[in-house]
Amino acid sequence: MPGARRWLEPGLSAATAAALVAGGIAWVAGGQAAAEWCWAVGTVLAVVPAVVWVVVALRKGRAGVDLIAVLALVGTLAVGEYLAGALIALMLATGRALDAAAERRASHDLRALLEHAPRSARRRTGREVIVVPLADVAVGDVLVVGPGDVVPVDGRVRDGAAVVDESVLTGESEQVERTVEDAVRSGVVNAGGAFEITATATAQDSTYAEIVRLAEQARAQRAPTVRLAERYAAWFLPLSLALAGLAWLLSGDAVRAVAVLVVATPCPLLLAAPVAIVSGLSRAARRSVIVRDGVALENLGRARTLVIDKTGTLTAGCPRVLEVAAAPGRTPAEVLRLAASLDQVSTHVLAQAIVHEARIRDLTLSLPQDITEKPGRGSAGTVDGHHLTVGRTDLEPAALPGWARAVDNRAILDGAAVAWLTVDDTLTGAVLLRDPLRHDAPHTVQRLREAGLTRLVMLTGDRPEPAREVGAVLGLDEVRSGQSPADKVAAVRAESTRAVTLMVGDGVNDAPALAAADIGAAMGARGSSASSEAADIVLTTDRVDRLSDAMEIAVRARRIAVQSAVGGMVLSVLAMVAALFGRLPPAVGALLQEAIDVVVILNALRALLPARGARPQLEPETEDLIHRFATEHDDLRDAIDVIREAAGLLTTEHGPRASAAVKEVDRLLTERLLPHEHAEEQQLYPALTRRLGGPEATETMSRAHTEIDRLARRINTHLHLADDEGRLRPEQIDDLTACLYGLHAVLRLHFRQEEESYFSLVP
């Protein structure tokens, strides 16, 4: 049946169009009989499938718009008004073809979930290890999990330590260390060396199988959706039949009743509303958002609650360097270079982030030697003749030197991980890493609220501290941390009972919740294919702001569909009243109905166009400028770190090292930071002003530039006020420290605002 449907609707559209055109040509050529015959064939072609569609709908308890079309088709054949029948046939066939084309995009299977699930396991019996089917694994079996393997069943670590990547279940990008007797869940990936587990559950009773079942149940239990057209047809159908019956009763003429049915043929519902929705689908696709069918777009336009995952959705999904701290006598750049040199050969996610940051800053890395890596501890080796370690430290917090305790405190406050660097057994520096908030997340949240969402809830498997920080920054209504897949499904179902709910996620652990929501949206560019398969909407680019684009497009497309449907039905009702009193014969009524159709379809096609006041498209030159200054932001992050390091140094000492640190800040300001800010003011902001509607769009940022200039001049003046030997005077320390901390705060805020407001306008 699905295969037949694939060609039935398009074939019927082509056949009815051909019959209508052929009849028109014959009529113009003077062959009225041939024209009538062509139009009658077109009408008959549509009657049979239309009756089938109506029967199927009635068996499901729905009497939709197709019933009016069938009655009109049969009526035109009965009274010989074949032109009217052919026009109605084309309307019906075209509407069904559009609807079928949208439905074919649906793919709600859980294929990727099943593909990820392991099929076999390595079972150890004595000294022999054999591969057995997963179904043969019993509780108590000893299983060997090799590097990169998916843990086949739930179990407990037998000996040593296991380093596993649990992101497939929790959504968090961190790798977790499990020691002897710690539980390990099926579906996680071995990110370290081989280890053994004792099975505590069979495959059928393990965590991953439960996620698959959750997703299947959620999809099966989702409430059936009533299309927009069907809701209007619920009252338009009985009204049309009542007016047709009244016309026949008052006049005793069946032709008059048919005339009422002809003008009642609900093209605004059969065609105009689907055109608006399909136009919305097309426009969303141009914004890298694939909406699987018209039902999903209609529901998205009605959504009032957003439930969203954190990692990979609101955040980047992988750790990045937040800050580099150095011990006295070292520089952040030196610390980062040494750590990255050692970590070049490591596959650990934190090591990769450190190396990536060093390359962004154009640091020259050395080749490491004698590398060893301990799962869960870090790397050790030789770089430039010195013995280095990068990873955890064995020192208790109380035993850390003062600078390191400050770093440890910052890591706790920022919810960051710390990779400590030792050089020749001396603690030398630290790299703070965190999964950062996406630049476009705050603006996206604001736009989603403007589009009609009234409640925003974040569900995450992460710890409470970073989850609360993200929620506070974005102004979310509720934040729930430590959520399992089952918890997410329960939360989504609870929200769905109160309002139409949109769920957004990117991992396998989100797939059941995506399936349970009224509308599921997956970050498909980097997210799990399982989440994409379970979702109704897939964002094919790694940008969360495309979600707000989709929401705005859906709201507008649905509004235009409603306008087209209601406006067309009002005009149809007026025409029905005229036909009721004998003012419209069937053929004329059909032509009038076509005129109404043209009006409502043209209105529906507005959904293809951008909304008035929509975000402007930038010229290529402006996009190039944004890319340039965004790259410079990345390059200048080390300079911002140096400002904070200098401020911290001033709080502990006032000697030559402090003076040298301030001089280095002044040099960085003069040579790098201030030229960047001045270039933005002179090149980027004028270009943005032209496209964003006036100077108001950049006034706040320009004011920040003024403050940066003021603080930079003040710092430079302090250097000129130092004594003859360049040492800072005691009376300068407080104000200079305040200037440095203030400049650091202003620069971080200013960079963040530019990234959110301007740099997020382009990929």
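**View 1. Two buried cysteines in a predicted model.** Cys739 has a relative accessibility of 4% and counts as buried. The model shown here and in the other views is predicted. Cys38 is buried too, at a relative accessible area of 15%. Both values fall under the 20% cut-off, so Cys739 and Cys38 are classed as buried. The structure holds 0 disulfides.

**View 2. The aromatic pair Trp403 and Trp420.** The model has 1 aromatic pair. The ring centres of Trp403 and Trp420 lie 6.3 Å apart, and the ring planes stand at 65 degrees. Planes over 60 degrees apart count as edge-to-face, so this pair is edge-to-face. Trp403 sits in helix α14 (residues 402–414), and Trp420 sits in strand β16 (residues 417–423). The two are 17 residues apart, and the pair links distant parts of the chain. How buried is each partner? Trp403 is buried, with a relative accessible area of 18%. Trp420 is buried as well, at 5% relative accessibility.

**View 3. The largest nonpolar core.** This core has 46 residues. Which members touch the most others? They are Val291, Leu306, Leu314, Leu474, Leu502, Ile537 and Leu547. Helix α20 (residues 545–580) supplies the largest share of the core, 8 residues.

**View 4. The surroundings of Leu314.** Neighbours within four places in sequence are left aside here. Leu314 then contacts Ile308 and Asp309, along with Leu437, Arg438 and Ala441. Its other contacts are Met458, Val470, Leu474 and Leu476. Leu474 and Leu314 are both among the core members that touch the most others.

**View 5. A second core, with Cys739.** This core is separate from the largest one and has 31 residues. Among them are Ile643, Ala712, Ala722 and Cys739. Cys739 is the buried cysteine of View 1, at 4% relative accessibility.

**View 6. Helices α11 and α20 crossing.** The axes of α11 (residues 294–302) and α20 come within 8 Å. They cross at roughly 100 degrees. Angles of 65 to 115 degrees count as roughly perpendicular, so α11 and α20 are roughly perpendicular to each other. From α11, the contact uses Leu297, Glu298, Leu300, Gly301 and Arg302. From α20, it uses Ala550, Met551, Ala554, Val555, Ala557 and Arg558.

**View 7. The chain behind the close-ups.** The chain has 25 helices and 22 strands. Of its 763 residues, 51% count as buried. Among contacts with a separation of 6 or more, 71% join residues 24 or more positions apart.

Technical notes
Residues are numbered from 1 along each chain as its sequence is written. This is a predicted model: local features need pLDDT of at least 70, side-chain atom pairs count only at pLDDT 80 or more; totals for chains, interfaces and linings use all residues. Side-chain values use heavy atoms; hydrogens and water are left out. A disulfide is a pair of cysteine sulfur atoms within 2.5 Å. Buried means under 20% relative accessible area, exposed over 50%, partly exposed in between (1.4 Å probe, protein chains only). Rings of Phe, Tyr and Trp (its six-membered ring) pair if their centres lie within 6.5 Å; planes under 30 degrees apart count as stacked, over 60 as edge-to-face and the rest as tilted. Helices (H or I, at least four residues) and strands (E, at least two) are DSSP runs, numbered from the N terminus. A nonpolar core is a set of buried Ala, Val, Leu, Ile, Met, Phe, Trp, Tyr and Cys residues joined through side-chain atoms within 4.5 Å. Contact means heavy atoms within 4.5 Å. Axes are lines fitted to C-alpha atoms, for helices over the stretch in contact, and angles run from 0 to 180 degrees between N-to-C directions. Angles under 35 degrees count as roughly parallel, over 145 as roughly antiparallel, 65 to 115 as roughly perpendicular and the rest as oblique.
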